[in-house]
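Hi everyone, thanks for coming. I have a short one for you today, so let's bring it up on the screen.

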Amino acid sequence: DYREERPAEPMHYLLHSVLVHSGDVHGGHYFGFIRPDCQSKWYKFNDERVSVACADEAVQQNFGCGNEDEPAPQAVHTNMRNRTGA
């Protein structure tokens, strides 16, 4: 069973992209952040517009969950690559 196989060393991953849904279950808007080479700049893809983004905007501002005093952030899906490129 593949779940029982454990690597000898911890696996390390690099965040490649973040897909964000802004809105609620009744509607909203999708946009994404991509770091093509997993090393340098983040790019925000929002409809027809592409702009440079910082890591904080791409990752930290789209992670976690809100509480009663603070609205919940957008739904987020991430894509990671292991360091070997697989």
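I'll go through the fold, the confidence, and then one spot on the surface.

First, please keep in mind that this is a predicted model. The chain has one helix and five strands, and reading from the N terminus the order is β-β-β-β-α-β. So much for the layout; now the packing. Of the 86 residues, 20% count as buried. If you take the contacts with a separation of 6 or more, 39% of them are between residues 24 or more positions apart. The exposed surface of the chain is about 7,000 Å², and carbon and sulfur atoms supply 50% of that.

Now, how far can we trust the coordinates? Mean pLDDT for the chain is 76, with 67% of the residues at 70 or more. Which strand has the lowest confidence, and which the highest? The low end is strand S5, residues 75–82, with a mean of 60, while strand S4, residues 49–53, is at the top with 96. Where pLDDT is low, the predicted coordinates should not be read in detail. So for those of you thinking about strand S5, its mean of 60 is the value to remember.

Finally, the surface. There is a nonpolar patch made of Ile34, Phe45 and Val50, and together they have about 230 Å² of accessible area. Let me pick out one of them. Phe45 sits in strand S3, residues 42–46. Is Phe45 buried or partly exposed? It counts as partly exposed, because its relative accessibility is 36%, and buried would mean under 20%.

That's my tour, and I'm happy to take questions.

Methods
Residues are numbered from 1 along each chain as its sequence is written. This is a predicted model: local features need pLDDT of at least 70, side-chain atom pairs count only at pLDDT 80 or more; totals for chains, interfaces and linings use all residues. Side-chain values use heavy atoms; hydrogens and water are left out. Helices (H or I, at least four residues) and strands (E, at least two) are DSSP runs, numbered from the N terminus. Buried means under 20% relative accessible area, exposed over 50%, partly exposed in between (1.4 Å probe, protein chains only). Contact means heavy atoms within 4.5 Å. Accessible areas come from the Shrake-Rupley method with a 1.4 Å probe; for residues, only the protein chains shown count as cover. pLDDT is the predictor's confidence in each residue, from 0 to 100. Patches are made of residues with over 30% relative accessible area and no salt bridge: like charges are joined within 9 Å, nonpolar side chains (Val, Leu, Ile, Met, Phe, Trp, Tyr) within 5 Å. A salt bridge is a side-chain nitrogen of Lys or Arg within 4 Å of a carboxyl oxygen of Asp or Glu.
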